[in-house]
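Trainee: I've just been handed this one and would like to be walked through it. Could we start with how the chains meet and then change topic as we go?
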Amino acid sequence: MAITLQDTARNAAADGIVDLIDVGGAGTISLKSSASLVAATNEVATLTFSATAFGAAAAGVATAAAITSDTSATGGTANNYTVFSGAGTALWQGTVTATSGGGDIELSSISIGVGDTVSMSAFTLTVPAS
Amino acid sequence: MTNPTPAKPKVKMFGLIRDKYGKPKIDGDPNDLHPELKKMLSNEEKLELGIE
């Protein structure tokens, strides 16, 4: 039987994950052409979290503080992403799609040119109850 | 005893791409953009793109 987490536990789990981003300084999120846990490998663009990347979670949802845009992207087709701590440790990875594609990250366009600007908003991490 | 199944965290984020001249890059119909992406566009850009 699956367990059902209460909000206190959901918040603790969400905070525990996102607080890892702040270890060693401001963390980063790297958009990649294919999955990789190595920072520079397959990099298309890299954005930087605030020094305290996320506020305290509520109802199991942690919401990111401002994320600094990449104003000079490396360029390529973004299909995956990896989140790194400030110490450069890979924390998690996921998928990138265009709008309505169902990826963790949805971009207005996955075709990113050299020197393009990539801006992010509304980054949330949710720990569901079950 | 059945092992409990941990709840998997879910992530959601939206990103707007602009070319080196600052013009938004949008795949498909701009009206299909997620509301969070529409919020990142100026009123002038929405007008130009025909976003309702």
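Mentor: We will go through the contact between the chains, then chain B, and then one helix of chain A, bearing in mind that this is a predicted model.

Trainee: Okay, how many residues does each chain put into the contact?

Mentor: Chain A gives 35 residues to the contact, and chain B gives 27 residues. On the side of chain A that touches chain B, the elements that give two or more residues are helix H1 (7-18), strand S7 (90-98), strand S8 (105-107) and strand S10 (117-126).

Trainee: Which of those has the largest share?

Mentor: That is S10(A), from which ten residues of the side of chain A that touches chain B come, the largest share.

Trainee: And what's that side made of, by class?

Mentor: Sorted by class, the side of chain A that touches chain B holds 19 nonpolar residues, along with 13 polar and three charged ones.

Trainee: Back to S10(A): which strand of chain B does it pair with, and in what sense?

Mentor: S10(A) pairs with strand S1 (residues 10-18) of chain B in the antiparallel sense, and eight bridges join the two strands. Among the facing residues, Ser121(A) stands opposite Phe14(B) in S1(B), and Thr117(A) has Arg18(B) of S1(B) as its bridge partner.

Trainee: What does the rest of chain B look like?

Mentor: Chain B has two helices and two strands, and along the sequence they follow the pattern β-β-α-α. Of its 52 residues, 25% count as buried.

Trainee: Switching to H1(A), which of its residues are buried?

Mentor: The buried residues of H1(A) are Arg10(A), Ala13(A), Ala14(A) and Val18(A). Seen down the axis of H1(A), these buried residues fall within an arc of 120 degrees, so they line one face of the helix.

Trainee: What about the other side, is it buried or exposed?

Mentor: On the other side of H1(A), Thr8(A) and Gly16(A) are exposed.

Trainee: And what covers the buried residues?

Mentor: The cover over the buried residues of H1(A) includes strand S3 (61-63) and S10 of chain A. Those two strands, S3(A) and S10(A), also pair with each other, in the antiparallel sense and over three bridges, with Ala62(A) standing opposite Leu125(A) in S10(A).

Trainee: Last one: what span should H1(A) have, and what does it have?

Mentor: At 1.5 Å a residue, the twelve residues of H1(A) should span 16 Å, which agrees with its end C-alpha atoms being 16 Å apart.

Technical notes:
Residues numbered from 1 in each chain as written. Chains lettered and ligands numbered in written order. Predicted model: local features only at pLDDT ≥ 70, side-chain atom pairs only at ≥ 80, totals over all residues. Contact = placed C-beta atoms within 7 Å. Helix = DSSP H or I, 4+ residues; strand = E, 2+ residues; numbered from the N terminus. Nonpolar A, V, L, I, M, F, W, Y, C, P; charged D, E, K, R; others polar. Pairing = 2+ DSSP bridges. Buried ≥ 20, exposed ≤ 12 C-beta atoms within 10 Å, placed from the backbone. Expected span 1.5 Å × (residues − 1). Arc of directions from axis to C-beta.
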